[in-house]
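Reader: Please explain how the descriptive terms applied to this model are justified, setting each value against its definition.

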Amino acid sequence: MPASLIRAKSRPGRRGYTLPAPDVPEVPPEKILPEGALRKERPDLPEVDEPTVVRHYTNLSRENWGIDTNFYPLGSCTMKHNPRANEAAAAIPGFARLHPLQPEEQVQGALELMHRLAAFLSEVSGFPAVSLAPLAGAQGELTSILMIRKYFEDAGDEGRTTVLIPATAHGTNPATAAMAGFKAVEIGLDERGCVDVGELEEKVDETTAALMITNPNTCGVYERNIEEIASILHRSGAFLYMDGANMNANLGRMRPSDAGADIMHFNLHKTFSTPHGGGGPGSGAIACSERLAPFRPDPVVEERDGTYRLVRPEKSIGRVGAFHGNFGQMVRAWSYIRMHGPDLKEVSDLAVLNANYVRARLKGTYDSPYEGPCKHEVVVQPPKGVKALDVAKGLIDRGFHPPTIYFPLVVKEALLIEPTETESKETLDDFVGAMLEIAQDERLEEAPTHAPVRRVDEARAARRLKARW
Amino acid sequence: MNVPQDLKYTRTHEWVRIEGDIATIGITDHAQDELGDVVFVDLPEVGTSLSPGDSFGSVESVKAVSDLYSPLGGEITEVNSSLEESPEKINEDPYGEGWIIRLRYSGEAELLSPEDYQRLLEEEQ
């Protein structure tokens, strides 16, 4: 049964807590507040006792479906296990209770952690310069493209007006290009699901500022022509930006800088296992070449003679957030990287192995649009006559969070499965078992039958959005 | 899938009804079925000039947002503004009340016959 709203449990006069009598003289609000700040009516708040509040929210929380309760194969956005050691590190009072306006000399430890994390990201990406300022992956994208724009402005190259976007891009990529003032131009795919190099060569010209590539791409396929793609762009004076949302497949195995990229963003909140998706905030650190380094957002951490300082890069695009980035996420990411040390590459190895295990076991029942091994996620299509949406609903009945569906857009009825590195063979077998069973289920259109909410009217939900009551 | 014999089609699943120098354009029954429930249509302004292949708007469904491409060049004379309130008309009646724009077209364009379009659908299956 869906839970009722707490308002339905409200009874006039019922209280959870009573404030003690004030020990200072009472002042009528109208004496100290301007009229515009005064309510005309009392707020219509629910009136409930404390046990009712606790039970209401505890029961609601039991309806939650997340990585701590179930397998969560959410392709394209790594919902991975969050090691509790990360949480312990982020909760250390010396980190958790800092104020962003504290003077630098009082927060040397925090600045040192940021400096060291930047060094780790530099090592992982191969780029000499890092900024931890962006507050989420999409903001990291925007920051990167704004830096590229400023680079061309600074160089007096006014004609760079377009950004090329492969058909497998994340939806945020064309949005980023448009927000940064560029025209987004799509590049098609070859038969293997990779960027069509011939089409790229035709479309690159003196108006191209950058290509935004995700590697491995959103079909789970490694862009095997990445170095050629980079050289085509560089020949025309344009940059190669790499969307690092899929870095989970690359750690310790591929460095974007070595592959010819000029700038990238990380999703610390995905690749380095910090809570995300209805949980914690994001963190979209960027890494870039020497040429782009002066344009990084303000601030970056610099070390001189053992002292850490926040500085503004010489030609900075300015600030992209109120303070220095989402610091708690930096602590978690740093902790995760330190825990793995030189074995960080095993994260990617296991993620890729798990995705390929799922791919191999589904083969024969679910189609794969692209042959060959995948990276850390695999895109499959349901058998004829079955819709991806029905598979998703069937998974809910069988105790699994559905993967991403209908993305990437270039694959019909796409199911994008990303098992992540921490799942056991038994979990993957259970999931595959459910997927195979669903393919035979003749009553799938009725699913979910065991969830608190059954099929929702998505068209009505999108068109008659009721965001308040 | 319904492919009316009196219309022309594009490879990107738009249909065209030509009456004199006015072309009415919408998306096909197959396109609406692939998209699922349509929740929003981004319509262009009347008076906009289009070249063949230009994107003139988009259709958003519960599954995806898809661009609309003009099969012909010309100037938009009318848009189906009732779709702003009732985008579901595209699902219910794609060749009738679900039409999207009318344009005064200029020049010829390569359009598919109903037979060719039917063949394209079979190939895509």
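Author: Buried means under 20% relative accessible area, exposed over 50%, and partly exposed in between, with a 1.4 Å probe and protein chains only. This is a predicted model, in which local features need pLDDT of at least 70 and side-chain atom pairs count only at pLDDT 80 or more, while totals for chains, interfaces and linings use all residues. Residues are numbered from 1 along each chain as its sequence is written, chains are lettered from A and ligands numbered from 1 in the order in which they are written, and side-chain values use heavy atoms, with hydrogens and water left out.

Reader: Why is Glu413(A) called buried or exposed?

Author: The relative accessible area of Glu413(A) is 17%. The limit for buried is under 20%, so Glu413(A) is buried. Its phi is near 50°, a positive value in a residue other than glycine.

Reader: Why is Asp305(A) counted as buried or exposed?

Author: Asp305(A) has 75% relative accessibility and therefore counts as exposed, the limit being over 50%. Asp305(A) also has a positive phi, about 50°, without being a glycine. This residue belongs to the loop between β8 and β9 (307–311) of chain A; strands are DSSP runs of E with at least two residues, and helices are runs of H or I with at least four, numbered from the N terminus.

Reader: What makes Ser289(A) buried or exposed?

Author: A relative accessible area of 15% makes Ser289(A) buried. Leaving out residues up to four places away in sequence, Ser289(A) touches Phe127(A), Pro128(A) and Asp262(A), where contact means heavy atoms within 4.5 Å.

Reader: Where do the buried residues of α7(A) lie around the axis?

Author: In helix α7 (residues 172–179) of chain A, the buried residues are Asn173(A), Thr176(A) and Ala177(A). They cover an arc of only 100° around the axis, so they are on the same side of α7(A); the arc is that of the directions from the helix axis to the C-beta atoms. An α-helix has 3.6 residues a turn, so residues three or four places apart point the same way. Elements covering these buried residues include α6 (137–155) and β2 (162–166) of chain A.

Reader: What is the peptide bond from Asn215(A) to Pro216(A) called, and what is its omega?

Author: The bond from Asn215(A) to Pro216(A) is cis, its omega being near -5°. Another cis peptide bond joins Asp298(A) and Pro299(A), with omega about 5°.
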